[in-house]
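Here's a friendly walk through one protein model. Have a look at the sequence and the fold first, and then we'll go through some of the parts.

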Amino acid sequence: MAHDDLNVSGAAHRPDPYRPVTPAIVEQLRDIVGEGHVTYGEPDAMLDYAHDEVAGEEHAHMPEVVVKPASAAEISEIMRLANRERVPVTPRGAGSGLSCGAVPVYGGILLALERMNRILEIDRENMVVVVEPGVVTNDINEAVEEYGLFYAGYPMSVEMCFVGGNVAENAGGGRAIKYGVTGRYVLGLEVVLPDGAIVQVGGKRVKDVTGYDLLHLMVGSEGTLGIFTRITLRLLPLPRARVVLLVPFADVRSAIGAVPQIMTLGRMVPSSVEFMDRLAVQTAYDYLDERLPHPELGAMLLIEVDGYNEEQVEAEFNAIVDLCLELGALDVFVGNTPAGERRMWRPRQEMAEAFKAICPVQSLEDIVVPLAQIPDLMPELERLSETYDVLIPCYGHAGDGNLHATVVKRPGTPMDEWHEKLPAILEDLYRVVAGLGGTISGEHGIGSKRARYLPLVMDPALIALQRRIKRAFDPLNILNPGKIFPGQRP
């Protein structure tokens, strides 16, 4: 992606109430965070901050200045300056998001939180960890493992994403079926509000019904209501045993149909149940130069079971094996060593990269439907694929109905044709999902990528209520404007 193709200043998209970043503002920013932590007038150095992991140059926008603070106090000063000068501010973690939530659509100040990367406290007695927002999620578990604890929030990109972004998006992931999403583990936040005020919500306490639940209003607010500077996370005892099962089925309906049966007939909740259709499996295995687990595979489940003793886990995975075979599984492969687990998980973890290798032009979607409606969704994806002449592989978290139906451009399709038909594909897809009782995002968020489609799944009165909440926190619409709400303006 070349910066010549992007909106370099943000001015072309800036509503009149916003003002440009001037050299005088840059000098004030340098006074706040130090000269070495401000990047200005260097397009090449700022290019990485113009986009997240969403494919397509049309989604990218260059910041006018990149600022890297090291404390809540510095962020507070930056927000006060931005309000005085009417300059938009976009907070950003690792940039691994999939909704353009950290893209500065109106230019302005890009607030990069990468310097705030310390694990501040591991409190074994209270089973919590206190971290800054720039901590890589995977590093939390590496730090607390020696205490016999673990952090159960598990987005699939644990080795690259920052925990602050996980909280901002209320990230889910492969283990949400058993352990839930990020918000379940957020006990406390230190937050810099859009006007620069620093507030504390929650703490190390597990229960708190004192006043409105502002803690969980902040979680999942996509950086539009405040900037997290300190996060208190609940920890759990570390499971002592884990087994991964790879289960091929002849067709999609059989694979999906087995998922609720495991939990109802089997009376157990696996830590993960991942679904992959034939196209997704074939593409990932080809990408890794590996042979398919079964030649007649039409779909596949990846099931993980964990627990606090080996006998319990063995009993559960044996019951799942028997049940899957009764429900038509072609075979069941068991991974009960760390190497075996990694080998079985790798195709699922590399799936997105595998499709990028076929064609990097795609739209990775994050739809979610009630579990029982997944079989009704699959023929609709086939219809969309045929109608619009695109690939739509489907994979994701079958245990909670959250599927990544990825619209992939065929290599021979001209780009102008792709850009013309993609909005129609997404609108068609979202209407199908809404009709099944679902919605347009289960874990990636709305950001700017999906904002125009929000009215398809949300009542106008509810959108208006949320706009009023945003206005109460941020009357000048300084913080992360252009996100979540269609046509959002100051």
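Two strands count as paired if DSSP finds at least two bridges between them. Helices (H or I, at least four residues) and strands (E, at least two) are DSSP runs, numbered from the N terminus. This is a predicted model, so local features need pLDDT of at least 70 and side-chain atom pairs count only at pLDDT 80 or more, while totals for chains, interfaces and linings use all residues. Residues are numbered from 1 along each chain as its sequence is written, and side-chain values use heavy atoms, with hydrogens and water left out.

**Strand pairs**

Let's start with strand S12, residues 241–249. Eight of the nine residues of S12 are buried, meaning under 20% relative accessible area with a 1.4 Å probe, protein chains only (exposed is over 50%, partly exposed in between). S12 pairs with S14 and also with S15, and the table sets these pairings beside two others.

| Pair | Sense | Bridges | One bridge pair |
|---|---|---|---|
| S12 and S14 | antiparallel | nine bridges | Val243 and Val305 |
| S12 and S15 | antiparallel | three bridges | Val244 and Gly335 |
| S5 and S6 | antiparallel | four bridges | Ile119 and Val131 |
| S1 and S2 | antiparallel | three bridges | Val38 and Val67 |

Strand S6 (residues 128–131) is covered on both faces: Val128 and Val130 are buried on one side, Val129 and Val131 on the other. That fits a general pattern, because in a regular strand the side chains alternate between the two faces of the sheet. S5 and S6 make a hairpin with four residues between them, and Met127 in the turn has a positive phi of about 55°. S6 also pairs with strand S10 (residues 227–234), antiparallel over four bridges, and there Val129 stands opposite Leu233.

**Helix H10**

How far apart are the end C-alpha atoms of helix H10? They are 24 Å apart, which agrees with the 24 Å that 17 residues (310–326) should span at 1.5 Å a residue; the expected span is 1.5 Å times one less than the number of residues. At the N-terminal end of H10, Asn309 acts as a cap, with a side-chain oxygen 3.2 Å from the backbone nitrogen of Glu311. After H10 comes Gly328, with a positive phi near 105°. The buried residues of H10 include Val313, Phe317 and Ile320. Those buried residues pack against S12, helix H8 (252–264), strand S14 (299–307) and strand S15 (333–335), where contact means heavy atoms within 4.5 Å.

**A four-stranded sheet**

Elsewhere, four strands form an open sheet with mixed pairing, in the order S1-S2-S4-S3. Strand S1 (38–40) and strand S3 (89–92) are at the edges with a single partner strand each, so one side of each has no neighbour in the sheet. From one strand to the next, the twist averages 20°. Helix H1 (residues 23–33) packs on this sheet, touching S1, S2 and strand S4 (109–112), and its direction makes about 160° with that of S1. Helix H3 (residues 72–85) packs on the sheet too, touching S2, S3 and S4, at about 170° to the direction of S4. Axes here are lines fitted to C-alpha atoms, for helices over the stretch in contact, and angles run from 0 to 180 degrees between N-to-C directions.

**Cysteines**

How many disulfides does the structure hold? Zero, with a disulfide being a pair of cysteine sulfur atoms within 2.5 Å. For Cys161, the closest cysteine sulfur is in Cys100, 17 Å away and too far for a bond. Cys161 counts as buried because its relative accessibility is 3%.

How values were computed:
Polar contact = N/O pair within 3.5 Å; in protein donor to acceptor, adjacent residues only side chain to side chain.
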